[in-house]
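Visitor: Could you take me through one part of this structure in close detail, and then show me how that part sits in the whole? I work at the bench, so plain language with the numbers left in suits me well.

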Amino acid sequence: MIDPITALSAASVCYTTLKKAVAVGKDVEEIYRTLSKWAGHIEDVKEVISQEKSKPGIFKKLTYKRSATQEVFDSIIAEEKIREQEKYIREFFTANWTADWGGIQGYRKFIKMRREIKKKREREVYNQMRRRKNFLYNTKMGIFIGSLTLILIYLCHFLWTAVMEASK
(Lines give C-alpha, C1' and ligand atoms only; values in the text may rest on other atoms or scores of the structure.)
Protein backbone atom coordinates (compact mmCIF):
# COMPACT_ATOMS: atom_id res chain seq x y z
CA MET A 1 0.00 0.00 0.00
CA ILE A 2 1.31 3.43 -0.93
CA ASP A 3 1.59 6.00 1.82
CA PRO A 4 -0.43 9.22 1.53
CA ILE A 5 2.62 11.48 1.25
CA THR A 6 3.96 9.62 -1.81
CA ALA A 7 0.54 9.67 -3.47
CA LEU A 8 0.13 13.33 -2.56
CA SER A 9 3.50 14.23 -4.04
CA ALA A 10 2.44 12.63 -7.35
CA ALA A 11 -0.79 14.65 -7.22
CA SER A 12 1.19 17.82 -6.43
CA VAL A 13 3.38 17.28 -9.49
CA CYS A 14 0.26 17.06 -11.65
CA TYR A 15 -1.16 20.11 -9.88
CA THR A 16 1.92 22.26 -10.61
CA THR A 17 1.90 20.99 -14.20
CA LEU A 18 -1.74 22.01 -14.43
CA LYS A 19 -1.03 25.50 -13.07
CA LYS A 20 1.81 25.93 -15.57
CA ALA A 21 -0.35 24.66 -18.45
CA VAL A 22 -3.10 27.13 -17.53
CA ALA A 23 -0.62 30.00 -17.15
CA VAL A 24 0.99 29.29 -20.52
CA GLY A 25 -2.41 28.86 -22.15
CA LYS A 26 -2.13 25.26 -23.29
CA ASP A 27 -4.96 23.69 -25.23
CA VAL A 28 -8.03 22.26 -23.55
CA GLU A 29 -7.14 18.62 -24.21
CA GLU A 30 -3.78 18.90 -22.48
CA ILE A 31 -5.36 20.58 -19.46
CA TYR A 32 -8.01 17.84 -19.36
CA ARG A 33 -5.32 15.15 -19.47
CA THR A 34 -3.43 16.79 -16.62
CA LEU A 35 -6.64 17.18 -14.63
CA SER A 36 -7.42 13.52 -15.19
CA LYS A 37 -4.00 12.44 -13.89
CA TRP A 38 -4.35 14.78 -10.92
CA ALA A 39 -7.80 13.41 -10.08
CA GLY A 40 -6.46 9.84 -10.23
CA HIS A 41 -3.68 10.64 -7.79
CA ILE A 42 -6.09 12.48 -5.47
CA GLU A 43 -8.38 9.43 -5.44
CA ASP A 44 -5.34 7.30 -4.51
CA VAL A 45 -4.61 9.63 -1.59
CA LYS A 46 -8.24 9.57 -0.44
CA GLU A 47 -8.31 5.77 -0.69
CA VAL A 48 -5.17 5.44 1.42
CA ILE A 49 -6.57 7.80 4.05
CA SER A 50 -9.91 5.98 4.15
CA GLN A 51 -8.16 2.61 4.45
CA GLU A 52 -6.18 3.91 7.41
CA LYS A 53 -9.41 4.97 9.11
CA SER A 54 -11.26 1.72 8.42
CA LYS A 55 -11.17 -1.33 10.66
CA PRO A 56 -8.78 -4.10 9.61
CA GLY A 57 -10.09 -7.59 8.86
CA ILE A 58 -10.25 -10.07 11.70
CA PHE A 59 -7.49 -12.24 10.21
CA LYS A 60 -5.19 -9.41 9.15
CA LYS A 61 -1.93 -9.21 11.06
CA LEU A 62 -1.70 -5.83 12.73
CA THR A 63 1.61 -4.17 12.01
CA TYR A 64 2.22 -0.46 11.82
CA LYS A 65 5.11 1.07 9.90
CA ARG A 66 4.54 4.59 11.17
CA SER A 67 3.83 6.05 14.57
CA ALA A 68 0.33 7.28 15.39
CA THR A 69 1.54 10.88 15.43
CA GLN A 70 3.21 10.54 12.05
CA GLU A 71 0.10 8.94 10.59
CA VAL A 72 -2.11 11.77 11.89
CA PHE A 73 0.22 14.47 10.56
CA ASP A 74 0.44 12.77 7.17
CA SER A 75 -3.35 12.54 6.97
CA ILE A 76 -3.89 16.15 8.05
CA ILE A 77 -1.31 17.44 5.58
CA ALA A 78 -2.79 15.36 2.77
CA GLU A 79 -6.37 16.44 3.48
CA GLU A 80 -5.39 20.12 3.70
CA LYS A 81 -3.37 19.98 0.50
CA ILE A 82 -6.23 18.25 -1.34
CA ARG A 83 -8.67 20.90 -0.09
CA GLU A 84 -6.31 23.68 -1.22
CA GLN A 85 -5.78 22.17 -4.69
CA GLU A 86 -9.48 21.46 -5.21
CA LYS A 87 -10.28 25.06 -4.26
CA TYR A 88 -7.82 26.39 -6.85
CA ILE A 89 -9.21 24.15 -9.56
CA ARG A 90 -12.82 25.07 -8.68
CA GLU A 91 -11.92 28.78 -8.78
CA PHE A 92 -10.10 28.29 -12.08
CA PHE A 93 -13.13 26.69 -13.63
CA THR A 94 -15.63 29.22 -12.35
CA ALA A 95 -13.43 32.14 -13.43
CA ASN A 96 -12.13 30.78 -16.73
CA TRP A 97 -14.89 28.51 -17.96
CA THR A 98 -15.14 29.96 -21.46
CA ALA A 99 -16.80 28.88 -24.66
CA ASP A 100 -13.81 26.58 -25.37
CA TRP A 101 -14.79 24.59 -22.31
CA GLY A 102 -18.52 24.62 -22.98
CA GLY A 103 -19.31 27.66 -20.87
CA ILE A 104 -21.05 27.41 -17.53
CA GLN A 105 -23.24 24.66 -19.00
CA GLY A 106 -20.10 22.61 -19.62
CA TYR A 107 -19.09 22.99 -15.99
CA ARG A 108 -22.55 21.96 -14.81
CA LYS A 109 -22.41 18.95 -17.14
CA PHE A 110 -19.02 18.02 -15.65
CA ILE A 111 -20.41 18.18 -12.09
CA LYS A 112 -23.53 16.18 -13.07
CA MET A 113 -21.51 13.45 -14.79
CA ARG A 114 -19.14 13.17 -11.82
CA ARG A 115 -22.08 12.70 -9.45
CA GLU A 116 -23.63 10.06 -11.72
CA ILE A 117 -20.36 8.14 -11.91
CA LYS A 118 -19.98 8.23 -8.11
CA LYS A 119 -23.54 6.95 -7.64
CA LYS A 120 -22.99 4.21 -10.20
CA ARG A 121 -19.81 3.07 -8.47
CA GLU A 122 -21.51 3.07 -5.08
CA ARG A 123 -24.32 0.92 -6.50
CA GLU A 124 -21.77 -1.46 -8.01
CA VAL A 125 -20.00 -1.82 -4.67
CA TYR A 126 -23.32 -2.42 -2.91
CA ASN A 127 -24.40 -4.97 -5.52
CA GLN A 128 -21.07 -6.78 -5.27
CA MET A 129 -21.38 -6.96 -1.48
CA ARG A 130 -24.93 -8.28 -1.82
CA ARG A 131 -23.86 -10.92 -4.38
CA ARG A 132 -20.97 -11.97 -2.13
CA LYS A 133 -23.32 -12.26 0.84
CA ASN A 134 -25.80 -14.31 -1.22
CA PHE A 135 -23.01 -16.55 -2.49
CA LEU A 136 -21.81 -17.26 1.05
CA TYR A 137 -25.37 -17.90 2.25
CA ASN A 138 -26.08 -20.25 -0.66
CA THR A 139 -22.78 -22.07 -0.11
CA LYS A 140 -23.53 -22.56 3.58
CA MET A 141 -27.04 -23.77 2.84
CA GLY A 142 -25.71 -26.11 0.15
CA ILE A 143 -23.20 -27.62 2.55
CA PHE A 144 -25.87 -27.95 5.24
CA ILE A 145 -28.42 -29.60 2.92
CA GLY A 146 -25.72 -31.83 1.43
CA SER A 147 -24.63 -32.92 4.89
CA LEU A 148 -28.22 -33.67 5.91
CA THR A 149 -28.74 -35.66 2.72
CA LEU A 150 -25.61 -37.72 3.37
CA ILE A 151 -26.71 -38.37 6.97
CA LEU A 152 -30.16 -39.42 5.75
CA ILE A 153 -28.66 -41.78 3.18
CA TYR A 154 -26.39 -43.27 5.83
CA LEU A 155 -29.33 -43.77 8.22
CA CYS A 156 -31.42 -45.40 5.49
CA HIS A 157 -28.53 -47.72 4.66
CA PHE A 158 -28.03 -48.50 8.34
CA LEU A 159 -31.76 -49.28 8.81
CA TRP A 160 -31.87 -51.36 5.63
CA THR A 161 -28.84 -53.36 6.77
CA ALA A 162 -30.34 -53.82 10.27
CA VAL A 163 -33.67 -55.03 8.82
CA MET A 164 -31.88 -57.48 6.49
CA GLU A 165 -29.79 -58.83 9.38
CA ALA A 166 -32.86 -59.21 11.58
CA SER A 167 -34.77 -61.08 8.92
CA LYS A 168 -32.07 -63.74 8.54
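Guide: Happy to. Let's begin at Gln 85, which lies in helix H3. Please keep in mind that this is a predicted model. Gln 85 has a relative accessible area of 2%, and because buried means under 20%, Gln 85 counts as buried.

What surrounds it? With neighbours within four places in sequence left aside, Gln 85 is in contact with Ala 11, Ser 12, Tyr 15, Trp 38 and Ile 42.

Ser 12 deserves a stop of its own. This serine belongs to helix H1, which covers residues 4–24. The side chains of Ser 12 and Gln 85 make a polar contact at 3.3 Å. Once its neighbours within four places in sequence are set aside, Ser 12 is in contact with Lys 81 as well as Gln 85. Is Ser 12 buried or exposed? Its relative accessibility is 15%, and the limit for buried is under 20%, so Ser 12 counts as buried.

Another serine makes a useful companion to this one. Ser 50 is found in helix H2, residues 28–53. Here the relative accessible area is 36%; partly exposed covers the range between 20% and 50%, so that is the class Ser 50 falls into. If you want to place Ser 50 in space, look for Ser 75: the two are 25 residues apart in sequence, and their C-alpha atoms are 9.7 Å apart.

Helix H2 also brings us to the largest pocket, which has a volume of about 1,100 Å³. Its lining is made up of 23 residues, and those closest to the centre are Ala 39, Glu 43, Lys 46, Arg 114 and Lys 118. Which elements give two or more residues to that lining? They are H2, helix H3 (68–96) and helix H4 (103–167). H2 supplies the largest share, with 10 residues. Sorted by class, the lining holds 13 nonpolar, 8 charged and 2 polar residues.

Now step back to the whole chain. The protein chain has 4 helices and 0 strands, and read along the sequence its pattern is α-α-α-α. Of its 168 residues, 20% are buried, and Gln 85 and Ser 12 are both buried residues. Take the contacts between residues at least 6 apart in sequence: 72% of them join residues at least 24 apart. As for the surface, the chain exposes about 13,600 Å², with 61% of that supplied by carbon and sulfur atoms.

If you go back to the view, a good place to start is the 3.3 Å polar contact between the side chains of Ser 12 and Gln 85. From there, Trp 38 and Ile 42 are among the other residues in contact with Gln 85.

Methods
Residues numbered from 1 in each chain as written. Predicted model: local features only at pLDDT ≥ 70, side-chain atom pairs only at ≥ 80, totals over all residues. Heavy atoms only, no water. Buried < 20%, exposed > 50% of the residue type's maximum accessible area, 1.4 Å probe, protein only. Polar contact = N/O pair within 3.5 Å; in protein donor to acceptor, adjacent residues only side chain to side chain. Contact = heavy atoms within 4.5 Å. 1 Å grid on protein atoms, 1.4 Å probe; cavity = no way out; pocket = protein on both sides within 12 Å on 5 of 7 lines; lining within 4 Å. Points joined across faces, edges and corners; volume = space filled by probe spheres on them. Nonpolar A, V, L, I, M, F, W, Y, C, P; charged D, E, K, R; others polar. Areas by Shrake-Rupley, 256 points an atom, 1.4 Å probe, with all protein chains shown as cover.
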